[in-house]
Amino acid sequence: MKSSITKMCIIPFLLLAMATNLALGQGTRAGFYSSTCARAELIVQSTVKSHFQSDSKVAPGLLRMHFHDCFVQGCDASVLIDGASTEKTAGPNLSLRGFEVIDDAKRQLEAACPGVVSCADILALAARDAVTGGVTWVVPTGRRDGRVSLASDTSSLPGFTDSMDIQKQKFAAKGLNTQDLVTLVGGHTIGTSACQFFRYRLNNFNSTTAADPSINSAFLPQLQSLCPATDDGTKRVGLDNGSENKFDASFYTNLGNGRGILESDQKLWTDASTKPFVQRFMGIRGLAGLSFNIEFGKSMVKMSNVGVKTGTNGEIRKVCSAIN
């Protein structure tokens with residue numbers, strides 16, 4: 001898994017991180033641990049790489065976990081806390097995976113630099129390091145860990161049946177715009193989805209006898225075969241058809257061809273406000289193109305600064321799954 005890029009690529013992301021910090025007034029910055037735990041980022045990176053080599057599914061898992069963390073209580077590692085009625089127990093979070101990667105990195109960091117590196121920063125770094133293919137960005141660090149984790153707060157998470165207006169409202173509430181929405185959704189499609197989350201689109205959609213009309217008619221039989229109505233719905237299907245294990249922009253081409261798996265994904269193509277961004281990622285002639293690899297890094301930096309706790313707010317947990 002590639003972990004480095006050229007200085008030419010690093011400089012724009014470093015400048016972006018600095019500008020984002022100033023604009024949002026957050027206390028995070030690139031290289032926060034350079035004097036207190038110089039090997040912090042290397043330890044997280046090597047831990048992610050080790051787990052990825054054993055199970056490549058941890059990559060989309062870590063990206064999704066960071067996303068779910070930031071949309072509830074801000075990026076403060078509240079999603080990692082164990083206990084009754086915590087965020088981890090909420091429906092949208094029951095399928096999250098990769099907790100063992102964060103726990104492993106935390107154990108190593110506590111051995112090297114006790115009480116210094118937050119679980120929130122470990123998760124932000126791990127999400128970046130989980131992306132393969134040489135795509136990377138500078139992660140501002142300095143977050144502290146939250147002390148509150150409630151399942152009831154997870155209603156702020158975007159849902160797979162949400163209308164596009166609701167999705168945009170949920171992103172806007174976090175300071176993220178429509179382009180961020182389209183970009184971040186694209187980055188999280190390297191994973192899979194259980195059939196139960198989209199099978200309703202394949203038959204009797206919206207109380208009709210037909211399938212969701214936005215599904216490509218040539219693609220529909222394939223989905224129906226993968227997810228028959230008689231199964232329990234637990235079988236998993238790649239969210240980016242034909243490019244499930246690659247971090248690239250093919251997801252947007254699939255949307256243009258009616259091959260989006262989740263209803264909320266396909267709506268990016270049918271909604272007038274999001275479709276132009278999809279088309280720009282597709283490289284349609286006549287539109288100003290967008291580089292997915294670059295824009296994803298920008299949007300991740302922006303999202304990773306949502307509601308962060310810094311300075312004397314929050315704490316540095318000794319164990320990521322428990323408040324001190």
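**Helix contacts, ring pairs and buried polar residues**

Let me start with a helix pair. Thr178, Gln179, Val182 and Thr183 of H7 are in contact with Phe277, Val278 and Phe281 of H11. Keep in mind that this is a predicted model.

Where are these helices? H7 covers residues 178-187, and H11 covers residues 275-282. Their axes come within 9 Å of each other. The crossing angle is roughly 50°. Angles of 65 to 115 degrees would count as roughly perpendicular, and those under 35 as roughly parallel. H7 is therefore oblique to H11. The crossing of H7 and H11 is right-handed. Look again at the H7 side, where the contact list includes Thr178 and Val182. As a general point, an α-helix has 3.6 residues a turn, so residues three or four places apart point the same way.

There is a second pair to show, H3 and H12. Here the axes come within 10 Å. They cross at roughly 40°. That angle makes H3 oblique to H12. Which residues make the contact between H3 and H12? On H3, they are Leu63, His66, Phe67 and Cys70. On H12, they are Phe296, Met300, Met303 and Ser304.

Now the helix H10, residues 263-270. Seven of its eight residues are buried, so H10 is largely enclosed by the rest of the structure. The buried ones are Glu263, Ser264, Asp265, Gln266, Lys267, Leu268 and Trp269. Note that the list includes Glu263, Asp265 and Lys267. What do the buried residues of H10 pack against? They pack against H6, H7, H9 and H11. H9 is residues 250-256. So H7 and H11 come up again, this time as neighbours of H10.

Trp269 of H10 has another partner. Lys275 lies over the face of Trp269, at 4.4 Å from the ring centre. Lys88 does something comparable elsewhere. Its charged end sits over the ring of Phe99, 4.3 Å from the centre.

On to ring against ring. The structure holds 15 aromatic pairs. One of them is Phe71 with Phe171. The centres are 5.0 Å apart, with 65° between the planes, and the pair is edge-to-face. What does this pair link? It joins distant parts of the chain, 100 residues apart. Phe71 is in the loop between H3 and H4, while Phe171 is in H6, residues 164-172. Both Phe71 and Phe171 are buried.

Next, Phe251 and Tyr252. Their ring centres are 5.3 Å apart and their planes are at 70°, so this pair is edge-to-face. Phe251 is buried, and Tyr252 is buried too. Phe251 and Tyr252 also belong to a cluster linked by ring pairs. The other members are Trp137, Phe247, Phe281, Phe292 and Phe296. Two of those names have come up already. Phe281 is on the H11 side of the contact with H7. Phe296 is on the H12 side of the contact with H3.

Trp137 leads us to Arg128. Arg128 is found in helix H5, residues 119-129. Buried or exposed? At 9% relative accessibility, Arg128 counts as buried, because the cut-off is under 20%. Setting aside residues up to four places away in sequence, Arg128 touches Glu41, Thr136, Trp137, Val138 and Val139. For a sense of scale, the C-alpha atoms of Arg128 and Leu181 are separated by 18 Å. Along the chain, Arg128 and Leu181 are 53 residues apart.

Asp121 lies in H5 as well. Asp121 has a relative accessible area of 0%, so it is buried. Beyond four places in sequence, Asp121 touches Tyr33, Pro140, Thr141, Gly142 and Arg143.

Gly142 and Arg143 then take us to Thr310. Thr310 is found in the segment after helix H12, which is residues 292-304. Thr310 is buried, with a relative accessible area of 18%. Leaving aside neighbours within four places, Thr310 is in contact with Gly27, Thr28, Gly142, Arg143 and Arg144. Gly142 and Arg143 thus touch Asp121, and they are in contact with Thr310.

Last stop, Ser85. Ser85 lies in the loop between H3 and H4. Which residues is Ser85 in contact with, leaving aside its neighbours within four places in sequence? They are Ser149, Leu150 and Ala151. The C-alpha atoms of Ser85 and Ile43 are separated by 32 Å. Those two residues are 42 apart along the chain.

Terms used:
Residues are numbered from 1 along each chain as its sequence is written. This is a predicted model: local features need pLDDT of at least 70, side-chain atom pairs count only at pLDDT 80 or more; totals for chains, interfaces and linings use all residues. Side-chain values use heavy atoms; hydrogens and water are left out. Rings of Phe, Tyr and Trp (its six-membered ring) pair if their centres lie within 6.5 Å; planes under 30 degrees apart count as stacked, over 60 as edge-to-face and the rest as tilted. Helices (H or I, at least four residues) and strands (E, at least two) are DSSP runs, numbered from the N terminus. Buried means under 20% relative accessible area, exposed over 50%, partly exposed in between (1.4 Å probe, protein chains only). A charge sits over a ring if NZ of Lys or CZ of Arg is within 6 Å of the ring centre and within 35 degrees of the ring normal. Axes are lines fitted to C-alpha atoms, for helices over the stretch in contact, and angles run from 0 to 180 degrees between N-to-C directions. Angles under 35 degrees count as roughly parallel, over 145 as roughly antiparallel, 65 to 115 as roughly perpendicular and the rest as oblique. A crossing is left-handed if the near helix is turned anticlockwise from the far one by less than a right angle, and right-handed if clockwise. Contact means heavy atoms within 4.5 Å.
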